[in-house]
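Please look through the structure below with some patience, following one group of residues at a time. The paragraphs after it will lead you from one site to another.

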Amino acid sequence: MGFFSKDIKTLDDLFVHTLRDIYYAEKQIEKALPKMIDKATDPQLKAGFEKHLGQTRGHIERVEEVFELHGVKAKTVNCPAIDGILEEADDVSGDVDDKEVLDAALIASAQAVEHYEMTRYGTLIAWAKQLGRTDCANVLAKNLREEQATDRKLTEMAESKINLQAAE
Ligand SMILES: [Fe+2]
Ligand SMILES: [Fe+2]
């Protein structure tokens, strides 16, 4: 924030700021996922995290594409929200002893991450459309759809198997 005036003046400024926020978040998620892959025991969960790591790299590229389309520099701004979600994920999983309970904890943490991403992409898509940037909105919608699909898959894995195993 500047000394003489505030940095975010228009909806366009806010759009760019939020794009930089999700850019930071996606990069932090890319760093966190390998740790979650290591910790997961269930092979399907492990494979799911591996797949989402690949998708996350694609999300970073798509966000870079949106910066380019919008004619602004691709850079990050700190996002304390995702840092907090990932820090808590790490703390909780470090405190769980039983491997099957750990899988349930990892799913819960991963879904908190997905929901954060979904709220950001939902907002960015709405603002892009408002700003007349349907080109940007279409690219962002691809990321949103993958986050939603991942979230649904995690729910399905938890309810069909992981939670049952954790409760045994
Ligand atoms: Fe993502
Ligand atoms: Fe994600």
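In this model, which is predicted, Glu114 and Glu117 are both buried. The two residues belong to helix 4, which covers residues 99-130, and they stand three residues apart, a spacing of about one turn of the helix.

Both of these glutamates take part in holding a metal. The iron ion (ligand 2) is coordinated by the NE2 atom of His52 together with OE atoms of Glu114, which is listed twice, and of Glu117 and Glu147, at distances of 2.0 to 2.5 Å. If you follow these donor residues along the sequence, their spacing reads H-x61-E-x2-E-x29-E. Glu117 also has a further role in the geometry of the site, since this residue bridges the iron ion (ligand 2) and the iron ion (ligand 1), and the two ions lie 3.4 Å apart.

We can now turn to the aromatic rings. A pair of such rings is described by the distance of the centres and the angle of the planes. A search of the whole structure finds one aromatic pair. It is formed by Tyr23 and Phe67, whose ring centres are 5.2 Å apart and whose planes meet at 70°, and because an angle over 60 degrees counts as edge-to-face, the pair is given that name. Tyr23 sits in helix 1 (residues 11-39) while Phe67 sits in helix 2 (residues 43-70), so the pair ties together parts that are 44 residues apart in sequence.

Are these two rings' residues buried or exposed? Tyr23 has a relative accessibility of 6% and therefore counts as buried, the limit being under 20%, and Phe67, with a relative accessible area of 1%, is buried as well.

Note on methods:
Residues are numbered from 1 along each chain as its sequence is written. Chains are lettered from A and ligands numbered from 1 in the order in which they are written. This is a predicted model: local features need pLDDT of at least 70, side-chain atom pairs count only at pLDDT 80 or more; totals for chains, interfaces and linings use all residues. Side-chain values use heavy atoms; hydrogens and water are left out. Rings of Phe, Tyr and Trp (its six-membered ring) pair if their centres lie within 6.5 Å; planes under 30 degrees apart count as stacked, over 60 as edge-to-face and the rest as tilted. Helices (H or I, at least four residues) and strands (E, at least two) are DSSP runs, numbered from the N terminus. Buried means under 20% relative accessible area, exposed over 50%, partly exposed in between (1.4 Å probe, protein chains only). Donors are N, O and S atoms within 2.8 Å of the metal (3.2 Å for Na, K and Ca); water is not among the atoms, so sites may look incomplete.
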